[in-house]
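User: Please take a close look at one helix in this model and at what surrounds it. Keep it brisk and give the cut-offs.

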Amino acid sequence: MQILHTSDWHVGRTLHGESLSDSIDAFFTWLKELVIQRKVDVVLISGDVFDRSVPPVHAVRQLSRYLTDLAGHTRIILTSGNHDGPIRLGMFSDLLSDSLVIETEPERIGTAIECGTFDDGALIYPVPYLEPDLVRQILSDQEIDEETSLPVPLARSHEAVMGAALRRIHNDLRKRRAQGDVRPAIAMPHAFITGGSASDSERNIEVGGVAHVPAGIFDTLGGKNAPVAHLAYVAAGHLHRPQQISGTVVPVFYSGSPVAYSFSEYRVTKRVYLLDTDAVDEAGYLHPQPIAIPVHRSIAVLRGTMDQLITDPDPNDQASYCSITVTDDLRPDRMIPRLKTIYPYALIIQHESSLTPPSHTGVSAVSSRSDTEISLEFFELLGGAKLTDTERGIIQDTWEQVRKQA
C-alpha cells in the first residue's frame with residue numbers, strides 16, 4: 001500500500017498581501033498527477049488545510065474543488081489543525097463517502113481508520129489539534145473526582161493532552177494486536193514536537209507556557225514504558241519546514257507546507273513523504289521517501305547596495321517574490337519604484353543604513369519634545385543622514401503653518 005503524507009496547505013493564505021492561490025493550484029495539479037502516477041492508495045493531510053478558522057468563500061470553494069477531485073483518485077484522511085475551525089471543517093464528516101474521511105472530534109481519538117487488508121494495509125490514527133483548555137476534561141483518564149463524579153482534568157499542557165490521546169491509541173492498538181491485526185500503525189498529530197525547527201509562518205500555540213510535546217512520548221504512546229504495540233510512523237503537521245524529529249525510535253516527520261508562507265523559508269525544499277507498507281523494517285517501522293514539490297514561484301532574500309541590486313540582476317530573482325534590503329549609507333533616490341521596475345514581485349523593500357542613527361532617549365523624553373523636533377528626528381532616521389538646512393527649514397515652516405491653522 002502506498003501512503004502519502006502532506007499537511008499545512010493553508011488555503012487562502014497570502015504572502016505580505018500577495019495571493020498565493022496560483023501557487024496552491026499548481027501544487028494541487030502536481031499532487032494529483034503524483035497520486036495517479038505512483039498509484040497512491042491513501043493521502044494523509046495532517047491539519048491546517050485552511051489558513052483561518054472562518055475561511056473566505058473563495059478558499060472554501062478552492063479546497064472543496066481540490067478534495068472532490070483528489071477523492072476520485074485516492075482515499076483521503078484529513079484532520080484539523082490549529083488554524084482550522086474543527087466544527088465547520090467536520091460538520092459534514094458523517095455524511096462523506098469512505099474516500100474522504102475528515103476527523104476533527106477529540107472523542108474519536110483512539111479509533112483506527114482501517115486501510116487495506118491485514119496483508120497489505122495500515123491503521124491510521126488521526127489526532128486533531130488539541131487545545132488543552134478545551135479537551136483536558138474530554139480526554140481525561142484520571143481518577144474520578146468525588147464532588148463532580150467526573151474524571152480529574154488533565155494538566156493544562158500540550159504534553160498532558162497528547163499523552164492521553166496516545167494512551168487511547170495504545171489501548172486500541174494493543175487489542176488489535178491481540179486479535180492478530182499486524183498492520184503498521186500511523187498517527188497523525190498536529191502539534192509542536194520538541195526538537196522541531198520552526199519558521200516565521202506558524203501561529204504560536206503556546207498555552208500556559210507549555211507549548212511543546214516531547215518527542216519521546218510517541219515511543220511510549222503516552223505511558224511510562226515503551227509498549228509492544230508501537231507506532232510505525234508519525235505523520236505530523238504544524239511546522240512548515242519538512243524535517244525529521246531526532247531522538248525517537250519511531251520515525252517522526254513533518255511534511256511541512258507545500259508553499260513558502262514566509263521569507264524565513266528561503267532555500268527550504270518543500271516536500272511530501274511517500275510510505276510503502278511493504279517496506280516495514282525488521283523492527284516494524286516505516287521510513288518515508290521524500291519527494292520534492294516543484295516551485296511555482298520562488299522566494300528570494302536579497303541584500304546589497306543599490307548598484308549591486310540593479311546591476312546585472314539574476315533572472316530567477318526577478319521572477320521571484322523578493323524581500324530586499326538596501327544597504328547604502330544614504331537612502332537612494334526613488335528606491336522603491338526603481339527596484340520594483342527590476343523586481344516586479346518584490347513584496348518587501350527596506351533601507352538599512354550602516355550609519356549610526358540618532359540615539360533614543362525613551363518615551364518620557366519624547367513626550368517633552370516639540371512636534372518639530374520629533375519630525376526632524378523621524379526624517380533623519382528614515383533617510384539615514386542628517387537633514388540639510390533647507391530640509392529642516394521646510395519641516396519647521398510646515399509645523400508653523402499647522403499651528404497657525406489649529
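Analyst: What follows covers one helix, the loop before it, and then the strands elsewhere.

This is a predicted model, in which local features need pLDDT of at least 70, side-chain atom pairs count only at pLDDT 80 or more, and totals for chains, interfaces and linings use all residues. Residues are numbered from 1 along each chain as its sequence is written, and side-chain values use heavy atoms, with hydrogens and water left out.

Start with helix α1, residues 21-37. Helices here are DSSP runs of H or I with at least four residues, strands are runs of E with at least two, and both are numbered from the N terminus. The expected span of a helix is 1.5 Å times one less than its number of residues. For the 17 residues of α1 that gives 24 Å, and the end C-alpha atoms are 24 Å apart, so the two agree. After α1 comes Lys39, with a positive phi near 50°.

Next, burial. Buried means under 20% relative accessible area, exposed means over 50%, and partly exposed lies in between (1.4 Å probe, protein chains only). In α1 the buried residues are Ser23, Ile24, Phe27, Phe28, Trp30, Leu31, Leu34 and Val35. An α-helix has 3.6 residues a turn, so residues three or four places apart point the same way. The buried residues of α1 pack against β1 (2-6), β4 (42-46), α2 (57-70), β15 (271-276) and β16 (289-292).

Ser23 sits in α1. Its relative accessible area is 6%, so Ser23 is buried. Contact means heavy atoms within 4.5 Å. Neighbours within four places in sequence aside, Ser23 contacts Val259, His296 and Arg297.

Now the loop between β3 (18-19) and α1, where Leu20 lies. Leu20 has 2% relative accessibility and therefore counts as buried. Not counting residues up to four places away in sequence, Leu20 touches Arg13, Thr14, Leu15, Val259, Ala260, Tyr261 and Tyr321. Leu20 and Ala260 are 240 residues apart in sequence, yet their C-alpha atoms are 9.4 Å apart in space.

Last, the strands. Two strands pair if DSSP finds at least two bridges between them. β5 (residues 75-79) and β6 (residues 100-103) run parallel, joined by 4 bridges. Thr79 has Glu103 of β6 as its bridge partner. From β6, Leu100 and Ile102 point one way, Val101 and Glu103 the other, and all are buried.

An open sheet of 6 strands has the order β7-β8-β9-β12-β14-β13, with mixed pairing. Its edge strands are β7 (113-116) and β13 (243-244), each pairing on one side only. β13 pairs with β14 (residues 252-254) in the antiparallel sense, over 2 bridges.
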